[in-house]
Amino acid sequence: MSARLPFPIRHPCPPGACICDQEAMLDDPQADLRILRLTREEERKLLARLEAIASYNDLRHMQQRMVEQLGIVVTITPSVRGVRTVRGLSIKVEEQRGLCRRTRQNISSAIRKCLENNEAIAFAIVDAHDLLAPTQAQLQAATDDPAAPSSLSKP
């Protein structure tokens, strides 16, 4: 069935080994086939690129490009209980028809490795979710108490 596609596609997983449902996807004329462009070789390149990310902006850009080109949605959120290590960040690759379970795990692992190697990105993620920003109560206490640390003053 891949003869109708103008690009090489990923070889199907062995039956029963995965939940990607590639065969049914190929039979569905309405299916979003972008994910099938992620061959094993392309997956290796993607994982290497994810591990080499150097900044928070680069990470956000990669997330956007994965959605645009492959339909892969990755969300990275800090725990509400606080983040002491990179393990406190939740990296979730949304389930998607045609996306292998193992590929989802590999993407999460590559991003986690990137964050472990570059803690500044992890801090930026936490900061983007306002977990490092002072709370309204801390801001109010800082303005009421002149002896409070100046780092909590209003922006």
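Which residues line the largest pocket? That was my opening question for today's notebook, and I kept in mind that this is a predicted model.

**Entry 1: the largest pocket**

I went through the lining and wrote down R37, L38, E42, K45, L46, R49, M62, R65, M66, Q69 and L70. The space in this pocket comes to about 260 Å³. I then checked which elements the lining comes from: α2 (40–51) and α3 (56–70) each supply at least two of its residues. The biggest contributor is α3, which gives five residues. Sorted by class, I get five nonpolar, one polar and five charged residues in this lining.

**Entry 2: the second largest pocket**

Next I looked up the second largest pocket, whose volume is about 220 Å³. It is lined by 14 residues, and those closest to its centre are R10, R40, C100, R102 and T103. Here α2 turns up again, this time with α4 (101–117), each supplying at least two lining residues. I sorted this lining by class too: six nonpolar, two polar and six charged residues.

**Entry 3: the chain as a whole**

I stepped back to see the overall layout. The protein chain has six helices and two strands. Reading from the N terminus, I noted the order α-α-α-β-β-α-α-α. The chain has 155 residues, and 36% of them count as buried. I also looked at contacts with a separation of 6 or more: residues 24 or more positions apart account for 57% of these.

**Entry 4: helix α2**

Since α2 had come up at both pockets, I gave it an entry of its own. I counted 12 residues in α2, with a reach of 17 Å from the first C-alpha to the last, close to the expected 16 Å. Which residues of α2 are buried? I found E43, L46, L47 and L50. Looking down the axis of α2, I saw these buried residues fall within an arc of 100°, so they line one face of the helix. Their cover includes α3 and α4. L46 is worth a second look: this residue is buried in α2, and L46 is also listed in the lining of the largest pocket.

**Entry 5: R49**

I stayed on helix α2, where R49 sits, to follow up another residue from the lining of the largest pocket. Is R49 buried or partly exposed? With a relative accessible area of 33%, R49 is partly exposed, because buried would need a value under 20%. Setting aside residues up to four places away in sequence, I found that R49 touches D58 and M62. M62 lies 13 residues from R49 along the chain, and their C-alpha atoms are separated by 8.8 Å. M62 is another of the residues lining the largest pocket.

**Entry 6: helix α4 and S108**

My next stop was α4, with 17 residues and a span of 25 Å between its first and last C-alpha, close to the expected 24 Å. Its buried residues are T103, R104, I107, S108, A110, I111, R112, C114 and L115. I listed what covers them, and the cover includes α2, α3, β1 (74–78), β2 (89–93) and α5 (119–128). T103 appears in this buried set, and T103 is also one of the residues closest to the centre of the second largest pocket.

I picked S108 from this helix for a closer look. S108 has a relative accessible area of 15%, so this residue counts as buried. Its contacts, leaving aside neighbours within four places in sequence, are with I91 and V93.

**Entry 7: two residues outside the helices**

First I found G98 in the loop between β2 and α4. G98 counts as buried, at 6% relative accessibility. Not counting residues up to four places away in sequence, G98 touches C20, M25 and I35. I also looked up A31, which is 67 residues from G98 along the chain; their C-alpha atoms are 9.5 Å apart.

Then I turned to D21, in the segment before α1 (22–27). What did I note about its backbone? The phi of D21 is near 60°, a positive value in a residue other than glycine. D21 is partly exposed, with a relative accessible area of 41%.

Notes
Residues numbered from 1 in each chain as written. Predicted model: local features only at pLDDT ≥ 70, side-chain atom pairs only at ≥ 80, totals over all residues. Heavy atoms only, no water. 1 Å grid on protein atoms, 1.4 Å probe; cavity = no way out; pocket = protein on both sides within 12 Å on 5 of 7 lines; lining within 4 Å. Points joined across faces, edges and corners; volume = space filled by probe spheres on them. Helix = DSSP H or I, 4+ residues; strand = E, 2+ residues; numbered from the N terminus. Nonpolar A, V, L, I, M, F, W, Y, C, P; charged D, E, K, R; others polar. Expected span 1.5 Å × (residues − 1). Buried < 20%, exposed > 50% of the residue type's maximum accessible area, 1.4 Å probe, protein only. Arc of directions from axis to C-beta. Contact = heavy atoms within 4.5 Å.
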